[in-house]
Amino acid sequence: MIILAGLGLYDEKDTTIKTVEFAKKVDKIYAEFYTAILTGTTIEKIEETLGKEITILDREKVELETEKLINEGKDKDIMFLTAGGPMVATTHIDIAIEAKKKGIEVIIINAPSIYSAIGITGLQLYKFGKTTSIVFPEPNYFPETPYDVIKENSKMGYHTLCLLDIQAHNERFMTANEGLEVLLKIEEKRNENILNKDTKVVVVARAGSLKPKIVYGKIGDLLEYDFGAPLHCIIFTGNLHFMEEDALKYLCENI
């Protein structure tokens, strides 16, 4: 059996009772934290909550050892953990598919994820379009996909959730400030007037914690704003319902 389980968004207290119950019974627990990470806790605290040691796999090990992990599930009960929801990343979907192909039982245990947590902004979830990710630019790598996604969602009046790059092995987490700067650079290059310093966005920091930071304001006013510790995400709003306008006014800090 292979159990794919999410750990939630912020700390070990997000872990569901169902995950804890299964963790106590399995033979081995693996986890990856390169797609997302719980910034409000430690591996030791998660292990204490689950009552079992966790083997951490980096991106390379997950990609190289997926088959080994799946094969272990033929005669053992294996749990694979990730921050957020268990089926958000394509790697996790691949594990579930390949395990099923081999006739291995797969159990999926859901958990809080950013896709549900953004509801704290008061924006209506069914009005979000395609999600995009903003990555750290490299000398020969500066993808403009986020700009295109915001453009297409905007045409349809949809909100856009922008996830921000994580390089957990370097303890480097993109801030909302950095993400906004990247988008402004793409706008400067493309000059399609999709966004500018007067464009209003929502920034959510530390979603899942008891004291998240939710800020609504113009990009130009947010570039130097201190959102505090990671993780951050950015939301470009589409057509707003009057209730959403009230939510942004009363549920967010307005800059």
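Q: In this predicted model, what stands opposite I2 in β4?
A: I2 stands opposite I78 in β4. The strands concerned are β1 (residues 2-6) and β4 (residues 78-82), which run parallel to each other and are joined over 5 bridges.

Q: What makes β1 and β4 count as a pair of strands?
A: Two strands pair if at least two bridges are found between them, and β1 and β4 share 5 bridges; they are therefore called paired under that cut-off.

Q: Why are β3 and β5 said to stand at the edges of the sheet?
A: The open sheet has 5 strands in the order β3-β2-β4-β1-β5, with parallel pairing. Within that order, β3 (55-56) and β5 (106-109) each have a single partner strand, so one side of each is left without a neighbour in the sheet.

Q: Why is E171 called exposed?
A: Exposed means over 50% relative accessible area, and E171, with a relative accessibility of 69%, therefore counts as exposed. E171 lies in the loop between β8 (166-167) and β9 (172-173), and although E171 is not a glycine, its phi is positive, at about 50 degrees.

Q: How do you know whether N191 is buried or exposed?
A: The cut-off for exposed is over 50%, and the relative accessibility of N191 is 63%, so N191 counts as exposed. N191 belongs to the loop between α7 (176-190) and β10 (200-205), and its phi is positive, about 55 degrees, although N191 is not a glycine.

Q: What makes a positive phi or a cis peptide bond worth noting?
A: Most residues other than glycine have a negative phi, and most peptide bonds are trans. In this model the peptide bond from P230 to L231 is cis, with omega near 0 degrees, and L231 is found in the loop between α8 (219-222) and β12 (232-236).

Q: Why is the enclosed space lined by Y30, L57, E65, K68, L69 and E72 called a cavity?
A: A cavity is a set of points where a 1.4 Å probe fits but cannot get out, and 1 cavity of 30 Å³ or more is counted here. The largest cavity holds about 40 Å³ of space, and helix α3 (residues 59-72) gives the most to its lining, with 4 residues.

Q: How do the classes of the residues in the lining of the largest cavity come out?
A: Leu and Tyr count as nonpolar, whereas Glu and Lys count as charged; by class, the lining of the largest cavity therefore has 3 nonpolar, no polar and 3 charged residues.

Methods: Residues are numbered from 1 along each chain as its sequence is written. This is a predicted model: local features need pLDDT of at least 70, side-chain atom pairs count only at pLDDT 80 or more; totals for chains, interfaces and linings use all residues. Side-chain values use heavy atoms; hydrogens and water are left out. Helices (H or I, at least four residues) and strands (E, at least two) are DSSP runs, numbered from the N terminus. Buried means under 20% relative accessible area, exposed over 50%, partly exposed in between (1.4 Å probe, protein chains only). On a 1 Å grid over the protein atoms alone, a cavity is a set of points where a 1.4 Å probe fits but cannot get out, and a pocket is an open set with protein on both sides within 12 Å along at least five of seven lines; lining residues have an atom within 4 Å of a point. Grid points are joined across faces, edges and corners, and a volume is the space filled by probe spheres set on the points.
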